Amino acid sequence: MTYLSKLILLIMRDINTINKKTKAAAVLIFVTILLLISNYFIGLNSKKTNESIKAIYNDRLMVSHYIFQYTNAIHQIKIRAIQINPNDSEKQNFVSKRLQSIHRIDKKYLATVLTSEEKKQFKTFQNQCAAIGTMNQNKDWQKLTQWSDQSLQTLEVLAQIQIDEGKTELTTANTLHNGNKIFAQFEMGLFIILGCLSAYLLVLKKMKIKIKIPESPSLN
């Protein structure tokens, strides 16, 4: 084998080593990009999960508390309306105060996120409260009791809406959490690949081929 052919062979081996490094570096960059994308989606899912949890608290649990206050106030109105002992003026004052407390809660209720069905049912409840106010002014305690029963039924519908919407939000939060677990496992696999590639590149670095050209034989 001539010196030139040996030199070419050694150069080809060196080029082959360089190609391996280039391929490994390309894979390394690709894996890094995948890690960044995975990390982005984990952050996005975490943000959506937090939003779902906040929605469960602010728009469902708090609203359920408001509905409980509404129900308690309407029950008190109904009980006072059917009582015999208090006179009409005392009943009117009591009912008026309870209706005022209901209207104060309305502002908090309307500040939450409402579904279309919830808006419809809540409007019905407000109309029923207005009717109770009218019956209170007319001292028509029998009709006032009937309107109170109707408003309690509407509140039951609103309470069921809170349960259904809360379940939906909880399901969404669980789905996003499970998605984050999958992304975390995916990232773990990518980190293992990164470790293997790093070790591979270190081995290649130690295996550098040194080109050695033999000296020409002496003519002496």
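The following paragraphs describe the helices, the nonpolar core and one helix pair of a predicted model. Local features were taken at pLDDT of at least 70 and side-chain atom pairs at pLDDT 80 or more, whereas totals for chains, interfaces and linings use all residues. Residues are numbered from 1 along each chain as its sequence is written, and side-chain values use heavy atoms, with hydrogens and water left out.

The chain contains 4 helices and 0 strands, in the sequential pattern α-α-α-α, where helices (H or I, at least four residues) and strands (E, at least two) are DSSP runs numbered from the N terminus. Of its 220 residues, 30% are buried, that is, under 20% relative accessible area with a 1.4 Å probe, protein chains only.

The largest nonpolar core (buried Ala, Val, Leu, Ile, Met, Phe, Trp, Tyr and Cys residues joined through side-chain atoms within 4.5 Å) has 25 residues. Two or more residues each are given to this core by α1 (3–82), α2 (88–110), α3 (116–138) and α4 (141–206), and the largest share, 8 residues, comes from α1. Tyr-70 is among the residues with the most contacts inside the core; leaving aside residues up to four places away in sequence, Tyr-70 touches Ile-102, Ile-105, Asp-106, Tyr-109, Phe-122, Phe-125 and Leu-155, contact meaning heavy atoms within 4.5 Å.

Helices α2 and α3 pack at an angle of about 160°, with their axes 10 Å apart, the axes being lines fitted to C-alpha atoms over the stretch in contact and the angles running from 0 to 180 degrees between N-to-C directions. α2 is therefore roughly antiparallel to α3, a term applied to angles over 145 degrees. Residues making this contact include Ile-102 and Tyr-109 of α2 and Phe-122 and Phe-125 of α3.

Technical notes: Buried means under 20% relative accessible area, exposed over 50%, partly exposed in between (1.4 Å probe, protein chains only). Angles under 35 degrees count as roughly parallel, over 145 as roughly antiparallel, 65 to 115 as roughly perpendicular and the rest as oblique.
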